Amino acid sequence: MAIPRANGSDFAPLPHGLVDMVPLPTTTTRSRDLLDHLELKSTDLDLAAAFYSKVLAPLGYALKVDEEIKKGFGDAHGLDFFVTAGGTSQKVHYAFAAPDRASVNACFEAGAGAPGGKQDRPPALAPAIHENYYAGYLRDPDGHLVEFVCQKAE
């Protein structure tokens with residue numbers, strides 16, 4: 001069942017029997033300004049920092065804040081991803097937007113050698129979400145599902 005969004009488009013159905021009320025874009029035009037930043041907790045902050053330094057590099061991200069209890073990542077536009085020391089954040093899945101499918105592939109391949117991480121699902125189209133949804137998945141050192149996604153037609 002499609003549910004109308006405020007902009008007139010529909011929520012896309014999710015695969016694997018997941019609830020279809022999660023708002024997923026059905027077009028490639030949307031604002032990237034909804035979230036200001038994301039912060040996760042990690043039981044091994046240095047290992048998490050090494051992992052994210054490697055897998056975010058293809059997106060132009062780098063470690064910008066390197067403190068004992070907090071690591072911050074960003075690009076030329078600012079900081080928006082943080083990992084702090086503490087108990088692992090539970091049941092978290094997040095997706096990093098990639099400008100193209102080649103960047104999704106590069107992030108996934110970087111995950112093969114990223115400290116403490118592992119490849120989960122290789123990049124592929126997910127037409128059950130929408131025809132241009134191209135994503136690859138990694139697991140970070142704390143087991144979080146990390147997605148890299150491009151939603152543009154290529």
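Biologist: Let's start with a helix. Which residues of H2 are buried?

Modeller: Good place to begin, and keep in mind that this is a predicted model. A helix has a repeat worth knowing: an α-helix has 3.6 residues a turn, so residues three or four places apart point the same way. In H2 the buried residues are Arg101, Ser103, Val104, Cys107, Phe108, Ala110 and Gly111. Try finding them in the structure above.

Biologist: What do the buried residues of H2 pack against?

Modeller: Their partners are helix H1 and three strands: E6 (118–125), E7 (134–139) and E8 (145–150). As a whole, H2 lies across E6, E7 and E8, and its direction is at about 165° to E6.

Biologist: How many Å should the 12 residues of H2 span, and how far apart are its end C-alpha atoms?

Modeller: The rule is 1.5 Å a residue, counted over one less than the number of residues. For H2, residues 101–112, the expected span is therefore 16 Å, and the end C-alpha atoms are 17 Å apart, which agrees.

Biologist: Which residue caps the N-terminal end of H2?

Modeller: To spot a cap, check whether a side chain reaches a backbone atom at the helix end. Here aspartate 100 does the capping, with a side-chain oxygen 3.3 Å from the backbone nitrogen of alanine 102.

Biologist: Now the strands. What is the order of the strands in the open sheet that holds E5 and E6?

Modeller: To read a sheet, walk from one edge to the other. In this four-stranded sheet the walk goes E5-E8-E7-E6, and the pairing is mixed. The edges are E5 (93–97) and E6, each of which pairs on one side only. Neighbouring strands here are turned by 20° against each other on average, ignoring direction.

Biologist: Which strands run parallel, and which antiparallel?

Modeller: Take the pairs in turn. E5 and E8 run parallel and are joined by five bridges; histidine 93 faces leucine 145 of E8. E6 and E7 run antiparallel, also with five bridges, and lysine 118 has arginine 139 in E7 as its bridge partner. E7 and E8 are antiparallel too, with six bridges; there, tyrosine 137 is partnered by glutamate 147 in E8.

Biologist: What do E7 and E8 form, and how many residues lie between them?

Modeller: They make a hairpin with five residues in between, and glycine 143 in the turn has a positive phi of about 90°. E7 is also mostly covered, with five of its six residues buried.

Biologist: What is the order of strands in the sheet that holds E1?

Modeller: That open sheet, again of four strands with mixed pairing, is ordered E1-E4-E3-E2. Its edge strands are E1 (38–42) and E2 (62–66), and the average turn between neighbours is 25°, direction ignored. Helix H1 (residues 45–56) packs on this sheet and touches E1, E2, E3 and E4, with its direction at about 10° to that of E3. Within the sheet, E3 (residues 70–75) and E4 (residues 78–85) run antiparallel with six bridges, and glycine 74 stands opposite leucine 79 of E4.

Biologist: And the protein chain, how many helices and strands does it have?

Modeller: Two helices and eight strands, in the pattern β-α-β-β-β-β-α-β-β-β along the sequence. Of its 154 residues, 40% are buried. To see how the fold links distant parts, take contacts between residues at least 6 apart in sequence: 53% of these join residues at least 24 apart.

Notes
Residues are numbered from 1 along each chain as its sequence is written. This is a predicted model: local features need pLDDT of at least 70, side-chain atom pairs count only at pLDDT 80 or more; totals for chains, interfaces and linings use all residues. Side-chain values use heavy atoms; hydrogens and water are left out. Two strands pair if DSSP finds at least two bridges between them. Axes are lines fitted to C-alpha atoms, for helices over the stretch in contact, and angles run from 0 to 180 degrees between N-to-C directions. Contact means heavy atoms within 4.5 Å. Buried means under 20% relative accessible area, exposed over 50%, partly exposed in between (1.4 Å probe, protein chains only). A polar contact is a pair of N or O atoms within 3.5 Å; within protein, one must be able to donate a hydrogen and the other to accept it, and residues adjacent in sequence count only if both atoms are side-chain atoms.
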